[in-house]
Amino acid sequence: MFLLVAALVGLSFWLACGQTQPAVDSYVAAVYEHRLILNPEPRVPLSRSAALQHMHKNLDVYEEQAALAAQQGAQILVFPEDGLQGINFSRSSINGYLETIPDPQQESWNPCTDPDKHNNTEVLQRLSCIARRHNLYLVANMPDLQPCTLMNEHFSSCPPDGRWQFNTNVVFSSDGQLVARYHKQNPYFEDAFDTPPQPEIVTFDTPFAGRFGLIICFDILFHTPTVVLVEKGVRQLIFPTAWYPNQLPLLDAIQFQQAFSLGFNVTLLAANIRNDKLITTGSGIYTPFSATYHHAKKGDPEKGRLLVARVPVLDPLWVGQKIATEESVAKDESTSSTTTDSGFCHQQSLFKSSCTETVSSVSDSPSSFILSMMYDPFTFVLLNDTRGILNVCDGTFCCHLQYRQLPQGSDKELYALGAFAGTHTKNGRYALQVCALVRCAGLDISSCGHEVEEAETKLDFLLEGKFGTRYVYPSVLASQLVLEQPEHLEKSQDGRVTMRHSNMTGGLVTACLYGRMYHLDNEQMREEQMCVTGAR
């Protein structure tokens, strides 16, 4: 069994805010969640021929899925991070899998039609031919080797073995041309790969939807390159990922994928790997208006899943050029398309009268307690009544909740409102401000913040926080990992972010406003370095 949902209710939010879903221009996108064929001993070096034999097994699957995507009209197809070779390699053991990928900005090359131009590029050649054979843009992820002699401007920072090794996205046009190469900026405990000596902001243009930007997995949590791309006006992002493990209650793969799309008002094409041992699944095609996604559940057959959806073009330059062209050809035809800044719209209305007419309790911090959630010390308060108004603070950062439990809700479920403001330090360091309404795993307060996948209690709620950042990502996750598009989102000039939701289709697992304080990341690192220096 799998979840394949087209959540179109989010359209009401944008229409209410004076936005219209682009109706004139659209394209067909596809992402493939790949059941990775792994190397069982990734720390043992393989010969080039053995590594190719392994990768061709995964490429055979890519070929099959590209044919299926093309049959459904896909114009662009995205495969996941690490989808060809797998994970957990050392710097030396991945050697047989490496190819030197030329920079498309420096030279023009079609590996399918000109295979002899570069040696040891069998994977690039096959990916190129898959794109060409099925007449679609293809995005894949693979390991890249760049000798330091090819990167002269960074020779002084060259690794001791004389080469750079990068986790890399490659993009091929529908005729097989290599059109983009992006090196992952934020590796996640990847011994085989280097951090690029200089951040790369990489985009590519298509004839059917304009411009796309490239990021990889852990990049999505950081300012560079992700926020930089969006602030440069890129509103369509490609996201190969190996998101493991899925981390409830706040960072399940599909949960954050949709939250990112909503928070930035962008399209996100997210392709993940599927592996039950790694606890990784969750891919999707997300726009501010819809979500088509897949998330395997426990006990589901371990297999891949192809998702295909028609989505609106969001590239403002491409849409603008189309409109200008059409107007010049036929001025008597009216065409409308609205381009908006990233983020939420601005409105005055808040929670409807159902929760504000009469409430059973109003409290700033009734018996607050601190528990770890996602390895961070959240301050919680319990929802002790069927309706109420609650506030909870972590220092000067406060979260506000108005809620009403629907009559059919379960009295065997406990909910808590949590707030956290600080630096996350487990498996990466980044500054956060988070408001989260979560279902506790049991009826004891010690279970609050633990992973939960199912719930029966449906809530109408308004969740609000005053953030010190404009980068806030909203999510509503219902029972059995079903995404719900928030009914209403708004952001005020003073940093207040409000999410209102009602008429849930399933019990509430998590409602979250996940704020990223990017501007504090480097500041905290500098303070730590100063402390270390002072201690010497």
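1. Let's start with one pair of residues: Ile76 has Tyr137, in strand β4, as its bridge partner. The two strands behind this pair are β3 (residues 76–78) and β4, which pair in the parallel sense over 3 bridges. Please keep in mind as you read that this is a predicted model.

2. Stay with β4 for a moment, as there is a second strand to find. Strand β5 (residues 163–172) runs antiparallel to β4, and 10 bridges join the two. To see one of these pairings, look for Gln146, whose bridge partner in β5 is Trp164. Is β4 mostly covered or uncovered? Strand β4 spans residues 137–147 and is mostly covered, with 10 of its 11 residues buried.

3. Now to a bigger pattern. Strands of a sheet pair through backbone hydrogen bonds, and the pairing can be parallel or antiparallel. In this model, 7 strands form an open sheet, and its pairing is antiparallel. The order to trace on your screen is β16-β17-β20-β21-β27-β23-β24. Which strands stand at the edges? They are β16 and β24 (482–484); each has a single partner strand, so one side of each is left without a neighbour in the sheet. From one strand to the next, the twist averages 25 degrees.

4. Begin your walk through that sheet at β16. Strand β16 (residues 369–373) and strand β17 (residues 376–382) run antiparallel and are joined by 5 bridges. Together β16 and β17 form a hairpin, with 2 residues between them. Beside the turn, Met373 stands opposite Asp376 in β17. Within the turn, Met374 has a positive phi of about 55 degrees.

5. Further along the sheet come β20 and β21. Strand β20 covers residues 415–424 and strand β21 covers residues 430–439; they pair in the antiparallel sense over 10 bridges. A handy landmark here is Ala416, which stands opposite Val438 in β21.

6. Next, the largest pocket. How much space lies in the largest pocket? The answer is about 630 Å³. The pocket is lined by 27 residues, and the closest to its centre are Asp103, Gln106, Arg181, His183 and Glu200. Strand β6 (residues 178–183) gives the most to this lining, with 4 residues. Sorted by class, the lining has 11 nonpolar, 11 polar and 5 charged residues.

7. Finally, here are three single residues to click on. Thr498 sits in strand β26 (residues 496–501). Why does Thr498 count as buried? Its relative accessible area is 2%, and buried means under 20%. The side chain of Thr498 also makes a polar contact with the side chain of Glu464, at 2.6 Å.

8. Asn275 belongs to a loop, the one between β11 (273–274) and β12 (283–287). Asn275 also counts as buried, because its relative accessibility is 7%. Its side chain reaches the backbone nitrogen of Lys277 at 3.1 Å.

9. Thr224 makes a nice contrast: it lies in helix α4 (residues 223–231). With a relative accessible area of 26%, Thr224 is partly exposed, since that class lies between 20% and 50%. Try finding Gln185 as well: Thr224 and Gln185 are 39 residues apart along the chain, and their C-alpha atoms are separated by 7.4 Å.

Notes
Residues numbered from 1 in each chain as written. Predicted model: local features only at pLDDT ≥ 70, side-chain atom pairs only at ≥ 80, totals over all residues. Heavy atoms only, no water. Pairing = 2+ DSSP bridges. Buried < 20%, exposed > 50% of the residue type's maximum accessible area, 1.4 Å probe, protein only. Polar contact = N/O pair within 3.5 Å; in protein donor to acceptor, adjacent residues only side chain to side chain. 1 Å grid on protein atoms, 1.4 Å probe; cavity = no way out; pocket = protein on both sides within 12 Å on 5 of 7 lines; lining within 4 Å. Points joined across faces, edges and corners; volume = space filled by probe spheres on them. Nonpolar A, V, L, I, M, F, W, Y, C, P; charged D, E, K, R; others polar. Axes fitted to C-alpha atoms, helices over the stretch in contact; angles between N-to-C directions.
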